[in-house]
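Q: I would like a close look at a single part of this chain, with its surroundings described in enough detail to follow on the structure. Please start from one helix and set it in the context of the whole.

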Amino acid sequence: MARFTIIGTGTMATAIGGVLADGGSDVAYIAHEQVGTAPVDGDVVVLAVPYPAVDAVITAYGDRLAGKTVVDITNPLNFETFDSLVVPAGSSAAAEIAARLPRNHVLKAFNTTFAATLASKSVGGTTTTVLIAGDDAASKQTLADAVRAGGVAAVDAGTLARAHELEALGFLQLTLAVSESIGWTGGFAVVR
Ligand SMILES: NC(=O)c1ccc[n+]([C@@H]2O[C@H](COP(=O)([O-])OP(=O)(O)OC[C@H]3O[C@@H](n4cnc5c(N)ncnc54)[C@H](OP(=O)(O)O)[C@@H]3O)[C@@H](O)[C@H]2O)c1
């Protein structure tokens with residue numbers, strides 16, 4: 001069973017940590033004020049912070065993250081306009097993070113599931129599905145197994161290049177919720 005360290009103690013950190021703990025995973029949290037000082041014991045590190053904070057977190061831990069699977073959950077929105085992403089066109093937050101972490105397996109996951117649908121494990125009467133993109137099959141399998149053990153579905157969304165599409169999906173879902181076309185307990189479901 002993998003050990004998880006979740007950096008962040010907010011809405012998503014709590015929801016993701018809840019699912020993982022329900023599945024029997026060992027979950028530890030690092031709060032904002034502990035970043036850089038608290039040890040990262042997990043084999044899998046979930047960056048449950050806003051995209052603009054990721055750079056500082058990576059800088060604070062430097063070599064201490066080497067070799068770990070790093071999970072990017074961010075939706076890198078321009079929160080001033082709510083009309084674009086802040087990453088270069090064609091790229092993704094996950095690709096930018098992977099470029100900064102050449103000694104890590106980076107996964108994109110959880111960005112298309114609102115926190116409430118992770119906590120309830122259901123969206124529109126369907127089991128919530130975590131879409132996972134990444135280049136390392138074993139890392140994806142580890143995360144998928146832990147998510148499924150926690151009562152949520154997981155689907156392999158392909159290589160890390162698919163993070164671009166996952167972020168587009170997350171962006172759209174966010175704009176739908178902000179415009180109140182859907183609720184924060186709603187969102188996209190995956191039916192197999
Ligand atoms: N909420 C959702 O439904 C949802 C869905 C999909 C993806 N996401 C993504 O999940 C991530 C977290 O969102 P959230 O809704 O959980 O936000 P949140 O509730 O505001 O939590 C953010 C966490 O990050 C910490 N943090 C903020 N700035 C930091 C910094 N510079 N260094 C270290 N830690 C910092 C916060 O600590 P303090 O509060 O102490 O500052 C808090 O623990 C975001 O990237 C978001 O795009 C969210």
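Which residues of helix α2 are buried, and what covers them?

A: The model is predicted, and every value below is computed from it. The close look concerns helix α2, which spans residues 51–61.

**The helix and its two sides**

In α2, the buried residues are Tyr-51, Val-54, Val-57, Ile-58 and Tyr-61. They lie on the same side of the helix, because the arc they cover around the axis is only 95°. On the face turned away from this buried side, α2 carries Pro-52, Ala-56 and Thr-59, which are exposed. The cover over the buried residues includes three strands, β1 (3–7), β2 (26–30) and β3 (44–47), together with helix α3 (93–100). After the helix comes Gly-62, with a positive phi near 45°.

**A loop residue in contact with the helix**

Val-35 belongs to the loop between β2 and β3. Val-35 touches Val-57, Ala-60 and Tyr-61, and of these Val-57 and Tyr-61 are among the buried residues of α2. Leaving aside residues up to four places away in sequence, the contacts of Val-35 also include Ile-7 and Ile-30. Ile-7 falls within the range of β1, and Ile-30 within that of β2. The relative accessibility of Val-35 is 23%, so this residue counts as partly exposed; the limit for a buried residue is under 20%. From the C-alpha atom of Val-35 to that of Thr-128 the separation is 30 Å, with the two positions 93 residues apart along the chain.

**Other places in the chain**

Helix α1 (residues 11–22) contains Val-19. With a relative accessible area of 2%, Val-19 is buried. Its contacts, again without residues up to four places away in sequence, are Leu-118, Lys-121, Val-147, Gly-150 and Val-152. Two of the elements described here take part in this: Leu-118 lies within the range of α4 (115–120), and Val-147 within that of α5 (137–149). The C-alpha atoms of Val-19 and Ser-120 are 9.5 Å apart in space, although 101 residues separate them in sequence.

Helix α5 also holds Ala-146. This residue is buried, at 5% relative accessibility. Ala-146 touches Phe-4, Leu-20 and Ser-25, with residues up to four places away in sequence not counted. Phe-4 lies within β1 (3–7), a strand that is part of the cover of α2, and Leu-20 lies within α1. Thus β1 is a link in this description: β1 helps to cover the buried residues of α2, and Phe-4 is touched by Ala-146. Between the C-alpha atoms of Ala-146 and Gly-24 the distance is 8.0 Å, for a sequence separation of 122 residues.

**Two residues with positive phi**

Besides Gly-62, two residues other than glycine have a positive phi: Phe-110, near 70°, and Glu-180, at about 65°. Phe-110 is located in the loop between β5 (105–108) and α4, whereas Glu-180 is in the segment after α6 (163–178). Their surroundings also contrast: Phe-110 is buried, with a relative accessible area of 1%, while Glu-180 counts as exposed at 70% relative accessibility.

The segment after α6 also contains Gly-183. At 35% relative accessibility, Gly-183 counts as partly exposed. Gly-183 and Thr-37 are 146 residues apart in sequence, and their C-alpha atoms lie 37 Å apart in space.

**The chain as a whole**

The chain in which α2 sits has six helices and nine strands. Its radius of gyration is 15 Å, which agrees with the value near 16 Å for a compact globule of 192 residues. Along the principal axes, the C-alpha atoms fill a box of roughly 45 × 35 × 30 Å. Of the 192 residues, 48% are buried. Among contacts with a separation of 6 or more, 69% join residues 24 or more positions apart. The accessible surface is about 8,700 Å², and carbon and sulfur atoms account for 55% of this area. The chain carries 11 positive and 18 negative charges, whose mean positions are 6 Å apart.

Note on methods:
Residues numbered from 1 in each chain as written. Predicted model: local features only at pLDDT ≥ 70, side-chain atom pairs only at ≥ 80, totals over all residues. Heavy atoms only, no water. Helix = DSSP H or I, 4+ residues; strand = E, 2+ residues; numbered from the N terminus. Rg over C-alpha atoms; globule rule 2.2 N^0.38 Å. Buried < 20%, exposed > 50% of the residue type's maximum accessible area, 1.4 Å probe, protein only. Contact = heavy atoms within 4.5 Å. Areas by Shrake-Rupley, 256 points an atom, 1.4 Å probe, with all protein chains shown as cover. Lys, Arg positive; Asp, Glu negative; His and termini not counted. Charge placed at Lys NZ, Arg CZ, Asp CG, Glu CD. Arc of directions from axis to C-beta.
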